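Me: I would like a close look at a single part of this protein, with enough of its surroundings to place it. Please take me through the packing of the interior first and then move outwards.

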Amino acid sequence: MKCSAYNQSLFFSSTTDSVIEIFSSSDWPQKLEDLKLEVTHESAMYLLKNLKKEPIKAGGFLKWAVEKNGFQPSSSSYSLMLLIYCNKDTLKEFWMTINEMKEKGYHIDKQTYRTIFSNFKHLKLENEVTALKHFYSRLLEENAAEDRAKEVVRIIKESEWGEHLEKTLADVEINVCDNFLLRVINELRGIGNSVKAYRFFKWVEECLGFKHNSVTYNGILRFLCWKDTITEFWNVIEDMKTTGIEMDIDTYVKVSRQLQKSIMLEDSVKLFEHIMDSSYKPSANECNYLLWKYCNMVVKKYEEAGNPMTKNTYNGIHRSLTSVGQFEEAEEIVRTMTNAGFEPDNITYSQLLFGLCKAGRLDEAANVLDTWTILIKWHFEVNEIDKALLYFTKMMERSLDPDSDLLEVLINGLLRCSRSIDAYKLLELLNERKLEEAVELLRMMKRLNLPPFTEPFVKYISKFGSVEDASEFISALSTKAYPSEGRHHEARDLFKCPEHVRKHCDICELFGSAT
């Protein structure tokens, strides 16, 4: 018993990778049969698209689907198969498939023909180029349905859509099938006629009783992804939702590319959200391409509006790419930024470090920078304390001075990991009333131009200290004998200490009135 359409969609949406992995096994036909899945137009296009780098397996799947599963290929699935076979290693399979299409009465649309023709030219397959031209011309001549399709196209192009045009069409003997409908729509593609293609699509359903299916719905979508027909495009999407038909992955890729080319960003994002909610989601590479394309488009529009690209703008794009693991694209942005006269800084490298750490590529992250704060922090976040300390040791071995941010990361990280003895070495010295050693550490921090860790001193001197202790502490905070400008907030903290210290004559003389 085969799965229902609902269960099949659920299966593909939840175990997509598992289905693709089946083809890595030599007994994949048996495994597919064991799944008891009915091959639909959408699932066939999805699997063929994912197997495009393995033409023999893709062809084997289509053959299996036809012979063992009862699948009826459409011109769309055959066209996709031709594009997969369009390379030097599978020319035999290419010509076998194109002849099979001819025998079954399927047509090759102009777009597919031009793509294959271009590929053969690029591969310098001159014999195939010549043979394809002759084959395509002969196919058009021999196909009687082509004449009827051309007649319908002529009638539609000559008049505005209305009752008169519909009456004229009704007088023509039209035998509507998937192939015929797609041929008419294909001939009507382009500015000025796309709306008419949509009206004809609706007319054959409403007036001739033709029931649209996955092939025809996906076919019309490819010709409506233009600015002047985007409303009709989304109307078809809604109709598909109502009938439970999904967009196939090949249609998504083609439509998405056209929307990007037309700089229709809002519709591109909306379409991406739509396909991600479907059973047949695009690959990670497709998602990455979309992200990179959007970055380029946004930058281009930003510059065209007369806005100069600043270092902050470049870093913003770089952060977006590294945060989602697009490191090659991020590297390209850094090169562009450098060519524009902006050298990468700590912010740039920190973003790269964070992205590498987030992606679990910690070894690569260790080789990125001389500033290791983010790397050490990430190891603390994943409870790899020893590695964090190891990287800190390596950093010191390279004579790299820790900054205040790194010290804060080390102290907070050790505290969270219950390493309070290590984290609070300074505080320990104070608790053991080794104030002299602690003050010496404070002076060392000052010499390294690090913000001093003053809180433990204030608490300690307030509770146990003397006037001499307070004076020594204040002296350590400044390179001068007395507090410098800008250190008054530390001095004010001392006023929280006991009254007998606060009102001592030496303290009053040092700061003025103690009141």
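Reply: In this predicted model, the largest nonpolar core holds 87 residues, and those with the most contacts inside it are Phe 61, Phe 200 and Phe 233. I will take Phe 61 as the part to examine closely. Setting aside residues up to four places away in sequence, Phe 61 touches Phe 23, Trp 28, Leu 32, Val 39, Ala 44, Leu 47, Leu 48 and Leu 51. Separate from this core is a second one of 8 residues, which includes Val 299, Tyr 314, Leu 321 and Met 337.

To place this in the whole, the protein has 515 residues, of which 44% are buried, and its secondary structure comprises 33 helices and 0 strands. Among contacts between residues at least 6 apart in sequence, 63% join residues at least 24 apart.

The stretch of residues 55-69 forms helix α5, which packs against helix α6 (residues 75-85) at an angle of about 155°, the two axes lying 9 Å apart. Because angles over 145 degrees count as roughly antiparallel, α5 and α6 are roughly antiparallel to each other. The crossing in which α5 passes α6 is left-handed. On the α5 side the contact is made by Pro 55, Ala 58, Gly 59 and Leu 62, while α6 contributes Met 81, Ile 84 and Tyr 85.

Further along the chain, the loop between α8 (110-122) and α9 contains Lys 124, a residue whose phi is positive, about 60°, although it is not a glycine. Most residues other than glycine have a negative phi. With a relative accessibility of 68%, Lys 124 is classed as exposed, because the cut-off for that class is over 50%.

Helix α9 itself spans residues 126-142 and includes Lys 133. The relative accessible area of Lys 133 is 41%, so this lysine is partly exposed. Apart from neighbours within four places in sequence, Lys 133 is in contact with Tyr 113 and Phe 117. Lys 133 and Tyr 113 are 20 residues apart along the chain, and their C-alpha atoms are separated by 8.9 Å.

A second loop worth following is the one between α14 (214-221) and α15 (230-243), where Trp 226 lies. Trp 226 has a relative accessible area of 25%, and is therefore partly exposed, since buried would require a value under 20%. Once neighbours within four places in sequence are left aside, the contacts of Trp 226 are with Ser 194, Gln 258 and Met 264. Between Trp 226 and Lys 261, which are 35 residues apart in sequence, the C-alpha to C-alpha distance is 10.0 Å.

Finally, for the cysteines, a search of the whole structure finds 0 disulfides. Two cysteines can be set side by side in terms of accessibility: Cys 225 counts as buried at 2% relative accessibility, whereas Cys 207 is partly exposed, with a relative accessible area of 48%.

To return to the part chosen at the outset, Phe 61 is one of the residues with the most contacts inside the core of 87 residues, and its contacts beyond four places in sequence include Trp 28, Val 39 and Leu 51.

Technical notes: Residues numbered from 1 in each chain as written. Predicted model: local features only at pLDDT ≥ 70, side-chain atom pairs only at ≥ 80, totals over all residues. Heavy atoms only, no water. Core = buried A, V, L, I, M, F, W, Y, C linked by side-chain atoms within 4.5 Å. Buried < 20%, exposed > 50% of the residue type's maximum accessible area, 1.4 Å probe, protein only. Contact = heavy atoms within 4.5 Å. Disulfide = S-S within 2.5 Å. Axes fitted to C-alpha atoms, helices over the stretch in contact; angles between N-to-C directions. Helix = DSSP H or I, 4+ residues; strand = E, 2+ residues; numbered from the N terminus. Parallel < 35°, antiparallel > 145°, perpendicular 65-115°, else oblique. Left-handed = near helix turned anticlockwise from the far one by under 90°.
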